[in-house]
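Here's a quick walk through the fold, one piece at a time. Have the structure open and follow along.

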Amino acid sequence: MNFWSQKNILLTGASGFIGNRLFQSLMKKNARVFCFVRDRKKVMIENEELFKKSRSKIYEGEITDKEKMSRIINNNNIEHIFHLAANNQNRLLDKESEIILKTNIIGCVSLLDACLKKKNIKSIIVVSSKEVKSNRYFELGKVNKHPYAISKLCLELIANSYIENFNLPIHIVKFDNVYGGNDLNFSRLIPSLCKNLMLGKE
């Protein structure tokens with residue numbers, strides 16, 4: 001059986017390379033995917049016919065817009081949610097830390113608040129990072145103070161709080177140097193290695 005067939009899914013972060021691969025895969029499994037992204041032009045649709053056939057949709061907005069996400073969940077009878085939207089600037093800071101913290105922390109809170117009292121939701125997959133390791137962050141002097149790592153730690157604490165206090169069906173997963181096509185974040189290890197190899201650099 002195809003578990004995802006005919007399921008209504010909300011996917012945040014569909015313009016990222018992981019989110020976009022998941023978007024294509026879910027449509028091929030006959031799921032109806034509702035993408036919530038900041039810029040719909042950045043979402044790749046590999047097969048327009050499949051997109052139309054699946055009756056999937058792309059919504060544009062800020063990840064901190066709780067009301068809009070709540071409407072999408074209500075109007076489309078959302079059953080499963082994949083929350084991949086994040087600012088993953090985790091090396092040299094060429095962006096203000098406020099952007100990272102707002103996107104990753106407030107964005108997560110907004111999504112989870114939008115899920116409250118929605119009886120149809122069966123699972124919420126929240127993506128964390130290998131940057132968060134058990135106990136290490138709570139040892140004085142061993143805290144990774146980079147805003148990205150802190151934001152993902154907060155995300156896990158928030159998610160666990162919503163599990164315990166609101167009984168939301170949240171599952172936390174952690175990625176560790178995932179790589180693949182269309183990953184153009186050259187501040188990360190694997191993309192930067194591939195780029196340097198192609199350019200003949202060390």
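## Two strands side by side

Let's start with strand 4 (residues 80–83) and strand 5 (residues 123–129): they run parallel and are joined by 4 bridges. Find Phe82 and you'll see Ile125 of strand 5 standing opposite. Keep in mind that this is a predicted model.

## Helices on the sheet

Helix 3 (residues 66–75) packs on the sheet, where it touches strand 1 (8–12), strand 2 (32–37), strand 3 and strand 4. The direction of helix 3 makes about 175° with that of strand 2.

Helix 4 (residues 97–115) packs on the sheet too, with strand 1, strand 4, strand 5 and strand 6 as its contacts. Here the angle is about 175° with the direction of strand 4.

## The whole sheet

Now zoom out: the sheet is open, has 6 strands in the order 3-2-1-4-5-6, and pairs in parallel fashion. At the edges sit strand 3 (57–60) and strand 6 (170–175), each pairing on one side only. On average, neighbouring strands are turned by 20° against each other, direction ignored.

## Helix 5

Helix 5 (residues 147–166) is 20 residues long and spans 27 Å from first C-alpha to last, close to the 28 Å expected at 1.5 Å a residue. Its buried residues include Leu153, Leu155, Ile158, Ala159 and Tyr162. Polar side chains turn up on that list as well, among them Ser151, Lys152 and Glu156.

What covers these buried residues? Helix 4, strand 5 and strand 6 are part of the cover. Just past the end of helix 5, Asn167 adopts a positive phi of about 60°.

Conventions:
Residues are numbered from 1 along each chain as its sequence is written. This is a predicted model: local features need pLDDT of at least 70, side-chain atom pairs count only at pLDDT 80 or more; totals for chains, interfaces and linings use all residues. Side-chain values use heavy atoms; hydrogens and water are left out. Two strands pair if DSSP finds at least two bridges between them. Axes are lines fitted to C-alpha atoms, for helices over the stretch in contact, and angles run from 0 to 180 degrees between N-to-C directions. Contact means heavy atoms within 4.5 Å. The expected span of a helix is 1.5 Å times one less than its number of residues. Buried means under 20% relative accessible area, exposed over 50%, partly exposed in between (1.4 Å probe, protein chains only).
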